[in-house]
Amino acid sequence: MTGHKKSIVYQIWPRSFCDSNGDGIGDLNGIRSKLDHLQNLGVDLLWLSPVYASPDTDYGYDISDYYAIHPDFGTMADFDALLSEAEAHGIGLVMDLVANHTSDQHAWFQAALQDKSSKYRDYYIFRPGKDGKAPNNWMSFFGGSAWQKDEKSGEYYLTTFTPHQCDLNWENDDLRKDVYDMMRFWLDKGVKGFRMDVINTIKKPADFPDKDPEKKGLQFPGELICDLEGVHDFLKEMHREVLEPYACFTVGEGAMTGQASVIRYTKPENKELEMMFQFDLALLGCGELGKFDFRKFYRWSISDFKRTIDAWQRAMQEDGGWVGNYLSNHDQPRQVSRFGDDKRFRRESAKALGLLNLTLRGTPFIYQGEEIGMTNCRLGESEWKDYEAINTYSLLQSMMHLPKIIARRVIQNMTRDNARTPVQWNAEKNAGFTAGTPWLKVNPNYMEVNLAAESRPGGVADFYKKAVALRKAHDVLTYGTYAPVDFENKRVVAYTRADETETLLIAINLTGKAAAARLPEAEGTCLLGTHGAREYAASLRLAPFEGAVFKLR
Ligand code: NOJ
């Protein structure tokens, strides 16, 4: 098999990974100092969330120069040193390609603002207003209007995320060529590929229609901007121009994308992307407006969780698509707090969820800190840093009329800041993250939850290492057929992964209560267990959050 499907991908959110110079902000040299840990874990590819120059209204996802390293993170020389040392550790770097928008500080946008006749004006989406208001009723992903007024010309420009992230106009040939050149710049340096930020929204509808015009107020455009037919044309062109010649690794992030679209993006013969993420698990129990939409009270059952996984596993294998599996990232709460138990069974549930992620069909992504079972950190209002949290907090109160105390609760559970507290390396000051003052609070549980402690036998990191090694030793875990087992079980998720050489059975209790699973009558040898080796039995009792992998004979 070719490509990167078999890779173990580890995501770094650089600001919070490791600080080498005491300014309280993680940096490239900090990452370099931790390559041994990543190699030990078995990581093949390191996806760096944006490290480019940025004014940080969206912490790096608002890029002001695609060719420069953010001074908080170091220099281009530091980047080159990281690249070559990572390579010496057998690890390839993956860049974040944020090409749906740039910062309003980017030179292209500044030129576009200054001079209406500049060629860069058409790199963005400027439109005249309607009846003295924005061109349409679209709401941005982060709340508020998706349009900003350019006072000088009186026109409006599109910003589908923060008001400082200006959407690029992919219809413009020169813009696309500039993006491809920039991608080649990083590939020529030796990076292995790209994670593509909201890549399914780069095509916009020609006429920018109102969304649900009969409704009052701003409306989220949803399907008007996600997965339009033309995205596939752009990706095919990018594939021809850049991805194929460099045999690139690619994973697409697609807002609200569904199975049929992911299959189209990732079927090898379509020559677009290698894999995509799905959002259905992340959005379990949320209302239709996404993770801050509390109207379903975030209620979900293990059966819902299983059904979601099962549907994606089957759809991909039946129709030739490929997903990147993940349970958390820099945009989501910590997986143990969201899907496990971050109190009584923190360690057990961290292992159980890790085992799930590392035994499903697809390519596993590990987010920094998952391998030590990091949890959400109950940050107070004054400690929040993220635009999304701060803006949504006020919208929940003003638009949804939520009492402050409930709005605060919603934000505390779902804010991206949960995933962005510094990585906890040891039990020393600031969890070993920085010698200075950390830019975002360190989770006070670091005395107990840290890499040094979790690397001991029985710790979460110790288990992750074994689970990664198991995946690497058994190709069936990457490519083998997935089939659910005991699907009606309300506590245990179980499935087989099979190919012509072997059949593995995985059973994981996803609850804090003991549970029994009904497995096939067979002989089995335990290859790995969260609670140590287990005897195989067709009627298998599992302790809370216990999981095991068996090889069936
Ligand atoms: C998705 C990224 O993961 C998120 O962090 C960012 O805010 C938006 N795209 C906008 O770039």
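Which residue in β5 does L48 stand opposite? In this predicted model, L48 stands opposite M95 in β5, and that pairing is a convenient place to enter the structure, since L48 also has a partner on another strand: the bridge partner of I12 in β2 is L48. Strand β2, which covers residues 45–48, is thus joined to two strands, for it pairs with β1 (residues 9–12) in the parallel sense over 4 bridges, and 4 bridges likewise join β2 to β5 (residues 92–97), again with the strands running parallel. The side chains of β2 divide between two directions, with L45 and W47 pointing one way and L46 and L48 the other, and all of these residues are buried.

From these strands one can turn to helix α2 (residues 35–41), in which H37 lies. With a relative accessibility of 14%, H37 counts as buried, because the cut-off for that class is under 20% relative accessible area. Once its neighbours within four places in sequence are set aside, H37 is in contact with Y10, E371, W425 and L451.

On a broader view, the protein chain is divided into three parts, with domain 1 made of two segments (9–98 + 173–468), domain 2 spanning 107–166 and domain 3 spanning 481–552. The C-alpha centres of domain 2 and domain 3 lie 54 Å apart.

Where does the largest pocket lie with respect to domain 1 and domain 2? Domain 1 and domain 2 both give residues to its lining, so the largest pocket lies between them. This pocket holds about 1400 Å³ of space and is lined by 47 residues, among which F141, F220, L289, G290 and K291 lie nearest its centre. By class, the lining of the largest pocket comprises 19 nonpolar, 11 polar and 17 charged residues. Helix α11 (residues 387–398) provides the largest share of that lining, with 4 residues.

The second largest pocket has a volume of about 560 Å³, and of the 22 residues that line it, S337, D342, K343, N376 and N413 are the closest to its centre. Three helices, α9 (335–339), α10 (346–357) and α12 (404–414), each supply at least two residues of the lining of the second largest pocket, and the residues of this lining divide into 6 nonpolar, 7 polar and 9 charged.

Enclosed space can be considered next. Rolling a probe the size of a water molecule over the atoms shows where empty space is left. A search of the whole structure finds 7 cavities of 30 Å³ or more, and the largest cavity has a volume of about 140 Å³. Of the 13 residues that line the largest cavity, those closest to its centre are Q278, L281, N325, Y326 and L360. Helix α10, which also supplies residues to the lining of the second largest pocket, is one of the elements that each supply at least two residues of the lining of the largest cavity, together with α8 (302–319) and β14 (324–325); α8 gives the most, with 3 residues. The lining of the largest cavity consists of 8 nonpolar and 5 polar residues, with no charged residue.

The backbone also deserves attention in a few places. Most residues other than glycine have a negative phi. Which value does the phi of V198 take? It is near 25°, a positive value in a residue other than glycine, and V198 is found in the loop between β11 (193–196) and α6 (229–246). The place of D212 is likewise in the loop between β11 and α6, and D212 has a positive phi of about 40° although it is not a glycine. As for their surroundings, V198 counts as buried at 4% relative accessibility, whereas D212 is partly exposed, with a relative accessible area of 25%.

A further positive phi occurs in the hairpin of β16 and β17, which has 6 residues between the strands, where D486 takes a value near 50°. Strand β16 (residues 481–485) and strand β17 (residues 492–498) pair in the antiparallel sense over 5 bridges, and within this pairing Y482 stands opposite R497 in β17.

Technical notes. Residues are numbered from 1 along each chain as its sequence is written. This is a predicted model: local features need pLDDT of at least 70, side-chain atom pairs count only at pLDDT 80 or more; totals for chains, interfaces and linings use all residues. Side-chain values use heavy atoms; hydrogens and water are left out. Buried means under 20% relative accessible area, exposed over 50%, partly exposed in between (1.4 Å probe, protein chains only). Two strands pair if DSSP finds at least two bridges between them. Domain bounds come from an automatic or database domain assignment. On a 1 Å grid over the protein atoms alone, a cavity is a set of points where a 1.4 Å probe fits but cannot get out, and a pocket is an open set with protein on both sides within 12 Å along at least five of seven lines; lining residues have an atom within 4 Å of a point. Grid points are joined across faces, edges and corners, and a volume is the space filled by probe spheres set on the points. Ala, Val, Leu, Ile, Met, Phe, Trp, Tyr, Cys and Pro count as nonpolar, Asp, Glu, Lys and Arg as charged, and the others, Gly among them, as polar. Contact means heavy atoms within 4.5 Å.
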